[in-house]
Amino acid sequence: MLPKQALLVAWQYAIPHVDVALDEYLGRKKKFSALVLARETALASLGFLLIYPILTVQRRAAVQSPTLGMRPLLSRSCTQLAWHMLRHEGVTSLYRGFAAFTLAVMVTQVAVWVNAMPTVTQYVWLKYDDSARDEIKRIIDE
Amino acid sequence: MRLSTRWKSALRCLSTLHPISTYMEELLYEKLSESEERRRVYGVHVAGAANLAVSLAVYPLFLLGVQLQQSPRHPVVRLPSGSLSQSLAAFLFTSHPGNKPYTAAQFYGYRPAVLSNLVLGSTALYRGCLMGGLHFYSSLFIQSQTSKLLNSYTDDQLWTDMRNKYLAETSLAALAELLVHPFFTAQSRFVLQSNSRCFRVYKDFPDMVRKAGLKELYTVIGM
C-alpha cells in the first residue's frame, strides 16, 4: 500500500514548487483567471494519473477469485501480475480506460477548485473590477 | 465585457455622486464581506453538496474506466461466419456479457463497454458507487483526522522538517488505506459482476465478506 500513497503525497508536496516554476516560466501573476484554474486543475489531476498503472494492477488483482463470475486467479503477487500484463498485453494494458478516468478526475478537480474559491460572486466581482474599470471610465468620459 | 444600456445609465448617475474608483471599491468590499459571511455560514455544506453532486454525475465515467481496467487486452478474434457452427462459435465468443452471464464481462474498447452499460439499464451505471464513495471519502476523512490529532500532540519542530512530514503523511495515508481497502475490492467486484439479479455473484457487502472472506478482500494491499 505504500508506493501509491508515497507517490500521491510526493506529488502533493511537489505542486507548490511546480506552481512557482510555472509562474516564473509563464510570467503571470494575475490570480482568478481561467488559466490559473486550468493549471491548478491539471496539477491536481496529474497526481491521480501518475498512479494509474498501479491502480490498474490493483483493480485487476482485486477481481481475481476462484468464485464463478470473477476473473480466474493468475497470481497473488502484484509484481508478478504487473509483469504478466506487460508481457502478454503490452504497456497499453496498464493504461486501459485512461481517457474516461482522466475526464472524470478533471471534472471533479474543477468542481473542487470552484468550491474552494470563496464564492462565485466574489470571483465575478474581482473579474469585473479588473476588466471593466477602464471600459466604465471610457463610457463615463464619453 | 459588454454592459447593457441600463447599467450604463446607472453608472453615469452614480459617477456624478461618487468618483467611480471609490464607488467600485466600496461595492467590491461590500460584496466581499457579504460573500465571506455567507461562506462562513453555508460554505461547508454547499461545498460538500456540490462535491457529492459532481461525484455522482461523473461516477459513470469512473465506472467505465474501472471496467476497462479490469478487462484483459486480447486480440479480437474475428471468426468467419460461413457455416452454422462458425456463426455459433462467433456468437458464443462475443464480448457481450449478456451471452455469457456466468462469465465476467470483458470489453475490448469504450464502445462495447458503453453499449453494454446502456443495455443493462441506468442502475448499471452506479454499480459499486457506494463502496467507491466509502473507500475514497473514508480514507480522506481518516487521513485528515489522524493528521489533525498528530499535529496537536506532537512538537511543532517535528513538523517543520520536510522529511518527517512526508514520512508521517505517507504513513497516515497508508494506514487509512489499510482500513478501507476492502471497500476498494468490493467496488471492483461489484463493477465486474452481472447487473442481473439472477446472475449476481454477491448480493451485497456482507454477502461478499461471507463468501470471499477478509483475506481475499485484503488482496493486493501491497501496492
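**Exercise 1. Find B:Arg163 in this predicted model and decide: is B:Arg163 buried or exposed?**

Solution. Start with the address: B:Arg163 sits in helix H7 of chain B. Next, count its neighbours: 7 other C-beta atoms lie within 10 Å. Now bring in the cut-off, which calls a residue exposed at 12 or fewer. B:Arg163 is therefore exposed.

One more thing to check while you're there is the distance to B:Phe205. Along the chain, B:Arg163 and B:Phe205 are 42 residues apart. In space, their C-alpha atoms are separated by 39 Å.

**Exercise 2. Work out how helices H5 and H7 of chain B are arranged: at what angle do their axes cross, and which hand does the crossing have?**

Solution. First, pick out the two helices: H5 of chain B covers residues 129-153, and H7 of chain B covers residues 162-192. Then look at the axes, which come within 8 Å and cross at roughly 165 degrees. Angles over 145 count as roughly antiparallel, so H5(B) is roughly antiparallel to H7(B). As for the hand, the crossing of H5(B) and H7(B) is right-handed.

Last step, sort the residues where H5(B) and H7(B) touch. That contact has 15 nonpolar residues, eight polar ones and two charged ones.

**Exercise 3. Take apart the largest nonpolar core: which of its residues touch the most other members, and which helices supply at least two residues each?**

Solution. Begin with the membership, which is 34 residues. The ones touching the most other members are A:Ala104 from chain A, plus B:Phe62, B:Leu64 and B:Leu192 from chain B.

Now go helix by helix. On the chain A side, H3 (52-62), H4 (78-89) and H5 (98-116) each give at least two residues to this core. On the chain B side, H2 (20-70), H7 and H8 (205-212) each do so too.

Finally, check the domains of chain B. Domain 2 (59-125) and domain 3 (127-223) each put in at least three residues of this core.

**Exercise 4. Tally each chain: how many helices and strands do chain A and chain B have, and what percentage of the residues is buried in chain A and in chain B?**

Solution. Take chain A to begin with. You'll find six helices and zero strands, so to speak an α-α-α-α-α-α run from the N terminus on. Of its 142 residues, 24% count as buried.

Then move to chain B. Here there are nine helices and zero strands, giving the pattern α-α-α-α-α-α-α-α-α along the sequence. Chain B has 223 residues, and buried ones make up 23% of them.

Technical notes:
Residues numbered from 1 in each chain as written. Chains lettered and ligands numbered in written order. Predicted model: local features only at pLDDT ≥ 70, side-chain atom pairs only at ≥ 80, totals over all residues. Axes fitted to C-alpha atoms, helices over the stretch in contact; angles between N-to-C directions. Helix = DSSP H or I, 4+ residues; strand = E, 2+ residues; numbered from the N terminus. Parallel < 35°, antiparallel > 145°, perpendicular 65-115°, else oblique. Left-handed = near helix turned anticlockwise from the far one by under 90°. Nonpolar A, V, L, I, M, F, W, Y, C, P; charged D, E, K, R; others polar. Core = buried A, V, L, I, M, F, W, Y, C linked by C-beta atoms within 7 Å. Buried ≥ 20, exposed ≤ 12 C-beta atoms within 10 Å, placed from the backbone. Domains from an automatic or database assignment.
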